Amino acid sequence: MSTSALLLVLAALATFAYWSGKQRSLKLVGGGRGIRRLHSLPSYYGLLTALWCGLPALLIMGLWLMLQDTVITALVKSHLPAALSHQNAGQMGLLFNDIKNIVLGNIPADGARAEVRAAALDYQRLRGIASLSLTGLVLAAAVAGLALVRARIHPELRARNAVEKIVEFLLLGSSMLAIFVTLGIVLSVLYESLRFFNAVSVQEFLLGLTWSPQTALRADQVGSSGAFGAVPLFLGTVMISGIAMVVAVPVGLFSAIYLAEYANRGFRAWVKPVLEILAGIPTVVYGFFAALTVGPLLRQFGEHIGLHVASESALAAGLVMGIMIIPFISSLADDMITAVPQSLRDGAYALGATRSETIRNVVLRAALPGIVGGVLLAISRAIGETMIVVMAAGLAANLTGNPLEAVTTVTVQIVTLLTGDQEFDSPKTLAAFALGLVLFLVTLVLNVVALQVVRKYREQYE
Amino acid sequence: MSSATAPNEPAVAGLPVPVNCKTVGRVTVDNALLSARGVNVFYSGKQAIQEVSIDISRNEVLAMIGPSGCGKSTFLRCLNRMNDTIEGARVTGSIVLDGQDIYDKRQDVVQLRARVGMVFQKPNPFPKSIYENVAYGPRIHGLAADRVELDEIVHTSLQRAGLWDEVKDRLNNPGTSLSGGQQQRLCIARTIAVNPEVILMDEPCSALDPIATARIEDLIDELRASYAIAIVTHSMQQAARVSQRTAYFHLGDLIEVGETDRIFTNPRHKLTEDYITGRFG
Amino acid sequence: MNRSVAETRERVEKSLKRRRWAELRFKTYGLCAVLLGLSFVVLLFGSLIAQGWSAFRQAYVVIEVHYDPAVLNPEGTATADDLAVADYAALVRTSLKTRFPDVEGRAATKQLAALVSNSAAQTMQKRLAEDPKRMGQRETLRVLASDKVDQLLKGRIDRTVPEADRAVSDQQLAWIDALVKDGSLSLAFNKGFFTQGDSREPEQAGVWGAVVGTLYTLAMTLALSFPIAVAAAIYLEEFARRNRWTDLIEVNINNLAAVPSIVFGLLGLAVFLNIFGMPRSAPLVGGLVLTLLTLPTIIIASRAALKAVPPSIREAALGMGASKVQMVTHHVLPLAMPGILTGTIIGMARALGETAPLLMIGMVAFIVDVPKGLTDPATVLPVQIFLWADSPERAFIERTSAAILVLLLFLVVMNATAVILRNRFERRW
Ligand SMILES: Nc1ncnc2c1ncn2[C@@H]1O[C@H](COP(=O)(O)OP(=O)(O)O)[C@@H](O)[C@H]1O
Ligand SMILES: [Mg+2]
């Protein structure tokens, strides 16, 4: 049975379980006025039956489907003739691609080698068995759950409490998902990174000055790795984020100040939403804008004043990233500025401070922790931003401090290493995970510090 | 402005009082420093006080009392144009400081507020050190030529506010680290560091305990020697203790003005009497 | 004080001029910053619209076709399968040559044929397959012009540059002018852009495949993230006691909201594709990754909405003897729902614009077919934009901008819905 069909059957069974549990409770007390003798409303008995019918079955099904492919692949692999089983991981991956494609009918089977065809048949047979046993197991679990609960229904059964316990448990589970996601990120990225660091030393990765993972692709160099010194990427990332912050912080901060302290209500009501549009625009659009409009503009301007600007320059990417971050800074700064109590402003005004003196010496001073927190979050964003740099910063891992040249960043390299043809297990693809680990750790530290600072600040004026 | 004077008032030096002034008692004084005439305030069109005329003189404390919401703070904030900071607030009438209309177009509010300082209900020290709190005013106004002079100003101001001995060892601690009463005295020190002519106080003790209140009241009494002081208070005892003249506000009207002793012993207006005897308020 | 009032006033006055200047300067900086921000908005939208609006019209040529059996079925024995792979390009060439009879030679014919998109042949094949009786007959067909002709008509190819540097030759220019003159070549509404999938040929490329892929992916995201996020928010707001455990969950959620999106892509690649063996490029996996990405946003918004419901309502429900679950489901949740929905829409809008994590799970493949299910290979609008932006053909620039305009339209609709929802239903307690 296909997965969706199985799900439908399960839903039907659960509905039946609801009805049957409800009827049973009613029958036990003779229906009608007898309901008062039940501990809970009849619908709770129904719900309890339905939950026990559906949930365990769903759980089994989820686990099974998660593991099915891995298990079947392992089994097929163990059945392979010696000629095929002594291959390296990359070739094995390609082989299994072929096998799956034959099974799906994407490749005509008669074109393939006999061994491969046999493996495909094996695969198909195992899949058939798996599907059948899954159906049996899930249905058995559902029926068993239904029958067990139904048999235990009696008027004193605290059905509502039991249902609510389950609901509470599900709620708890949902909230724990956040922890699992973090764990998942850390474990998966860490695992692949550790494999990378088996091939390339941590020192070389963090301190090396040359980055050319492509060389590892060459057939005669399989096993020997390319150059994986990530310093050029780190520098490129820092440079582009730096340019972005140089644009975004003053513009964002000053526009927040102007809108919060100077602008009249009408102007503010119009301008604020318009500026916030910038925050809602997808980054791929900024990337296009950087590559197609800002890059050539800068290049022409550079030619005009006799400077060579690369067509994919750090400056273009940084500028556009800065534009993207402006609304982020300005809305955070606006929050922080409006959180400063009016009494502080009054104190300064009453001494005869001008508006700008009040803002600079009192308001910004008071809002400083919050604003610093906001800027840290913005930096974390800039570091992790991907599409703008992929489209506008280029791939050249230049070790340069010149913003007019092309540089590359951590995120650009992750994307380049992992898109297109990939052979898993080569240092080239694993390097992407090592870069991801660095990215995750750096942004994690920035975020935690920033969130803490902002929270402290908020509490101060609450 | 009308040139006629209120009928039951003898003409004196100073500004004439509008005819429609219904305030009981004498609103003028002989050596007025700050004179309000026919002041109305509107918040987004809603009138908060109407036709208030009163003088404030040097070396004297004027107390303003009245039920809450009657417009005392509103009037006080007119005197150094703090209402400018409220969106939708509009002031009409005239307020004259030393012969100059403070609502005149050419009047710089910065200059005005340097001359008419204000202390607020809730102590509001800046998020800076004690020293910087006091030095802030002199700094922005360029009152001190060098650091020595600035130190001197900070020292005298804190001393006059009666805070010096308590804080002289921790001038670099944040102003917010002080107790409520100390913070309020810091705010007073901050105000007098600018060397103003008038000090406005809006319920300066309402957030403080009785002991801190007593200290501030003593301080106000000392400061009277150098400044004209107007204080809003909700405590009649406080008005009686610190002020020489008292003004009673009711629903935006200035009902009665007079010597503090006279107001509390022999109020002339029914509303004043009711308030003082505690029939409402 | 040891200084006279007059002296103080003099000093204050002396400082005024400088301070008024400083004030003016400061205010001007602020105004400039705001204007700069506004001008970025204008520049961005201006350049997108200027580049993209023309893609909504497309050059079509009207040609006279003869379904000539001598070309399509020379032996007279062709089956339907044979007919499907017959030489329709020859029909196109012939019909163009009938229009311009003085064209001689292979090179010239090739140039002439290049005026028409290669989809013209497919159109004819489809017409014939629909109705085999057309064999031997003639009809007038409107077919796509090639991308170069299209760009020329839209003024994006400069006629004045020397022939060698121009994508269209002088000879072709003459033909094009002749066709335009007799009205058989003109710009018309570009329906294909909205109904077709991707293509290597710019004139045939459309966004429909990406739109469908986006819809599948977002549907998957919504179906998972909404219930989970609401459940998590309810637990944290209504059930959890504050302890180290819930603090940990909270820190996690806040941090996940700020983790770079590409890291979620790495997670998806390592876990969903490599461990669980799910299909690459599938909306299923895209939806899973975007679920993880949007969960924190929706949880945070939902918690804020739940927090805004006044405690008095909870007390009233509990006071009536309702259980906690009943209190939440009957009273608190319905009141918080508008806020939760607003947060969800905003989260979905964010998911709609995400590109980087989807690149990691292979949604970046070149896919012509419109996906038909959650496990079909698919791409989404932002990725389509990324792919087109990378294409060298000039004509893809306007398509990219147009696709961006479509994407922005989706976003505007979603955000407007959120705003309306908020204004209509949000209560101030
Ligand atoms: N910023 C404001 N906006 C609108 N109305 C205000 C504002 N401040 C005060 N009011 C109104 O003006 C009246 C007088 O207020 P206020 O001067 O604060 O009274 P008091 O200080 O005597 O208690 C009150 O009715 C109050 O509601
Ligand atoms: Mg008041």
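**Close-up 1. What kinds of residues make up the shell around ligand 1?** In this predicted model, the shell splits into four nonpolar residues, five polar ones and one charged one. Here nonpolar means Ala, Val, Leu, Ile, Met, Phe, Trp, Tyr, Cys and Pro, charged means Asp, Glu, Lys and Arg, and the others, Gly among them, count as polar. The residues around ligand 1 include B:Tyr43, B:Ala48, B:Cys70 and B:Ile86, along with B:Lys72 and B:Thr74; to be near the ligand, a residue needs a heavy atom within 4 Å of it. Helix H1 of chain B (residues 72-78) chips in three residues, the largest share of the shell. Helices are DSSP runs (H or I, at least four residues), numbered from the N terminus.

**Close-up 2. Polar contacts hooking up ligand 1 with chain B.** Look for pairs of N or O atoms within 3.5 Å. A polar backbone atom of B:Gly69 sits 2.6 Å from an oxygen atom of ligand 1, and a backbone N or O atom of B:Lys72 is 2.9 Å from a ligand oxygen. B:Ser73 joins in with a polar side-chain atom, 2.6 Å from an oxygen of ligand 1. On its own, ligand 1 has 550 Å² of accessible area (Shrake-Rupley, 1.4 Å probe), and the protein covers 62% of that.

**Close-up 3. Where domain 1 of chain C touches domain 2 of chain C.** An automatic or database assignment cuts chain C into domain 1 (2-53), domain 2 (55-195) and domain 3 (208-428). The C-alpha centres of domains 1 and 2 of chain C are 61 Å apart. Each of these two domains puts four residues into the contact, meaning heavy atoms within 4.5 Å. About 280 Å² is buried between them, with carbon and sulfur atoms giving 37%; that is accessible area (1.4 Å probe) lost on putting the two parts together, summed over both. On the domain 1 side, C:Gln51, C:Gly52 and C:Trp53 supply 92% of the buried area, more than any other three residues.

**Notes.** Residues are numbered from 1 along each chain as its sequence is written, and chains are lettered from A and ligands numbered from 1 in the order written. Local features need pLDDT of at least 70 and side-chain atom pairs 80 or more, while totals for chains, interfaces and linings use all residues; side-chain values use heavy atoms, leaving out hydrogens and water.

Terms used: Polar contact = N/O pair within 3.5 Å; in protein donor to acceptor, adjacent residues only side chain to side chain. Helix = DSSP H or I, 4+ residues; strand = E, 2+ residues; numbered from the N terminus.
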